[in-house]
Amino acid sequence: MGTTATILHADLDAFYASVEQLLDPSLRGKPIAVGGGVVLAASYEAKSFGVSSGISGWRARELCPQLVFVGGHFQDYQRLGDAAIDVLNDFTPLVERISIDEAFADVAGCTHLFGSPPEIARAVRRRVRAELGLPISIGVARTKHLAKIASQVAKPDGLVVVDPETELDFLHDLPVELMWGVGPVTRARLAKIGVHTIGELAKMLGCSLERIVGRAVGARLTALAWNRDPREIKTRHRAQSAGAQSALGKKPAEEQAFRPTLRHLADRVATRLRAKSRPGRTVTVRVRFADMHSVTRSVTLDAPISATAILAEIAEELVRVALADHPDEKTVSLLAISMSHLEQHWKLQCELPLGLEDEKLRPGSQRGMARWTADRAIDLIRDRFGWDAVGYGSVMLGLSRSVPDEFRELAEKNL
């Protein structure tokens with residue numbers, strides 16, 4: 001870690017909604033939401049009424065009767081997100097993009113050219129506003145974690161610079177949910193024992209925190225609460241996992257409700273794995289219930305997989321296990337699939353035709369290879385004619401897509 005605040009975290013404010021207001025000036029100053037059945041993004045005017053991404057359209061209209069729903073301009077999201085990152089690249093080559101609308105930058109080596117880190121941050125904000133017409137918030141700090149928190153504090157459309165001499169005073173007064181890794185469930189668990197601020201978490205005994213979040217997460221949160229974050233900017237790195245998720249609103253915890261969604265998620269994830277020739281060994285599913293409580297189940301396979309049908313069937317079984325472990329839960333609000341332990345250099349290992357019971361789940365078996373071959377044929381057709389040109393009947397029938405696939409592709413991390 002450096003001794004001066006040279007790490008910037010830049011985050012475009014309410015990005016998708018801001019783009020819509022930019023494209024249609026009549027929407028400026030009005031509460032708007034991108035989406036329809038599900039809110040994909042909300043403007044700050046809508047957020048003031050409690051509207052947030054992920055909630056259903058009917059609930060959003062209930063909170064804000066004057067809410068205006070708009071469709072997404074996905075190509076413009078990508079174009080303007082890229083342009084904003086390019087502004088950062090004009091100041092330093094050390095830029096780590098973490099999503100379509102946010103990135104870290106280390107400006108330690110370019111202060112002699114462009115001024116101090118706060119001056120560079122102000123210049124970036126001026127250019128993004130002048131050239132793109134979009135608001136952007138920036139946090140400047142000594143570590144990545146603190147810079148990200150500072151940009152959250154700066155919202156909307158602001159700049160916060162954290163002095164290394166007073167960084168713990170700044171950090172410890174903030175609510176604990178601003179920390180990386182503290183979601184609604186962890187926040188609620190900490191609140192039950194009277195921990196509401198980062199400073200209160202920092203003073204917890206390690207064993208007490210471990211009982212709530214586990215040893216590894218507890219150690220990480222304690223380090224971050226004291227601003228111990230040695231991570232450097234990574235301009236290029238290969239992803240170690242690939243995943244996709246789908247908000248369902250409120251669906252019954254029954255197979256006919258979750259199976260089409262899991263097939264669609266598996267199709268999206270497996271397609272990306274095959275495109276980069278990086279099959280994975282560990283399948284993880286996440287199930288979120290109506291009360292926002294989530295559970296995960298995972299399995300590590302003997303051989304890496306990238307076939308859509310194999311991934312889907314494994315994910316379905318994991319979800320069945322999760323639901324069986326929580327028989328009182330009758331409603332599912334979100335499903336997610338992720339693949340990890342991705343192969344760097346993959347070669348398919350063929351298996352003998354032994355007629356094993358789970359042969360269709362073995363990628364090197366005759367049935368497993370047939371599934372992979374069918375997937376590759378689908379990939380080639382989609383590459384030429386588009387994603388919707390062909391697909392699995394089990395995916396295309398019975399699935400209500402409240403969230404456009406273009407939006408999902410923007411939100412999902414590329415390999």
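Helix H1 has these buried residues: Phe15, Tyr16, Ala17, Ser18, Val19, Glu20 and Gln21. That is seven of the nine residues of H1, so the helix is largely enclosed by the rest of the structure. The list mixes nonpolar side chains such as Phe15 and Val19 with Glu20 and Gln21. Keep in mind that this is a predicted model.

What surrounds such a helix? H1 (15-23) is one of the elements that give two or more residues to the largest nonpolar core. That core has 38 residues. Those with the most contacts inside it are Leu8, Phe15, Tyr77, Val124, Val128 and Leu134. Phe15 is thus both a buried residue of H1 and one of the best-connected members of the core. Strands contribute too: E1 (7-12), E2 (32-35), E3 (39-42), E6 (102-106) and E7 (136-141) each give two or more residues. The other helices on that list are H4 (74-89) and H6 (117-132). Which element gives the most? It is H4, with seven residues. In soluble globular proteins, nonpolar side chains tend to be buried together.

Several of these strands belong to one sheet. Five strands form an open sheet in the order E5-E6-E1-E7-E8, with mixed pairing. Strand E5 (95-99) and strand E8 (159-161) stand at the edges. Each has a single partner strand, so one side of each is left without a neighbour in the sheet. The twist averages 15° from one strand to the next. Look at the pair E1 and E7. They run antiparallel and are joined by six bridges. Within this pair, His9 stands opposite Gly139 in E7. Helix H6 lies across E1, E7 and E8. Its direction is about 170° to E7.

Now turn to a charged residue in this sheet. Glu102 lies in strand E6. Is Glu102 buried or exposed? Its relative accessibility is 14%, so Glu102 counts as buried; the cut-off for buried is under 20%. What does its side chain meet? The side chain of Glu102 makes a polar contact with the side chain of His9, at 2.7 Å. This is the His9 that stands opposite Gly139 in E7. Beyond its neighbours within four places in sequence, Glu102 is in contact with His9, Ala10, Asp11, Ile85, Arg97 and Lys148.

A further group of strands centres on E2. Strands E2 and E3 form a hairpin with three residues between them. They run antiparallel and share three bridges. Here Ala33 stands opposite Ala42 in E3. E2 also pairs with strand E4 (residues 68-70), again through three bridges, but this pair runs parallel. In that pairing, Ile32 stands opposite Val68 in E4. Strands of a sheet pair through backbone hydrogen bonds, either parallel or antiparallel.

Just ahead of E4 is a loop that deserves a look. Pro65 lies in this loop, between helix H3 (57-63) and E4. At 66% relative accessibility, Pro65 counts as exposed. Pro65 and Pro31 are 34 residues apart in sequence, yet their C-alpha atoms are 9.7 Å apart in space. Cys64 is another matter: at 0% relative accessibility, Cys64 counts as buried. Cys110 is buried as well, with a relative accessible area of 5%. How many disulfides does the whole structure hold? A search finds zero.

Move on to the later part of the chain. Apart from the largest core lies another, of 32 residues. Its members include Val269, Ala315, Leu323 and Ile337. A second open sheet is found here too. Its four strands have the order E9-E12-E10-E11, with antiparallel pairing. The edge strands are E9 (241-252) and E11 (294-305), and each pairs on one side only. Neighbouring strands of this sheet are turned by 15° against each other on average, direction ignored.

Inside this sheet, strand E10 (residues 280-289) runs antiparallel to strand E12 (residues 331-342). Nine bridges join them. For Thr284, the bridge partner in E12 is Ser338. Helix H14 (residues 308-325) lies across E10, E11 and E12, running at about 145° to E11.

Definitions and conventions
Residues are numbered from 1 along each chain as its sequence is written. This is a predicted model: local features need pLDDT of at least 70, side-chain atom pairs count only at pLDDT 80 or more; totals for chains, interfaces and linings use all residues. Side-chain values use heavy atoms; hydrogens and water are left out. A nonpolar core is a set of buried Ala, Val, Leu, Ile, Met, Phe, Trp, Tyr and Cys residues joined through side-chain atoms within 4.5 Å. Buried means under 20% relative accessible area, exposed over 50%, partly exposed in between (1.4 Å probe, protein chains only). A polar contact is a pair of N or O atoms within 3.5 Å; within protein, one must be able to donate a hydrogen and the other to accept it, and residues adjacent in sequence count only if both atoms are side-chain atoms. Contact means heavy atoms within 4.5 Å. Two strands pair if DSSP finds at least two bridges between them. Axes are lines fitted to C-alpha atoms, for helices over the stretch in contact, and angles run from 0 to 180 degrees between N-to-C directions. A disulfide is a pair of cysteine sulfur atoms within 2.5 Å.
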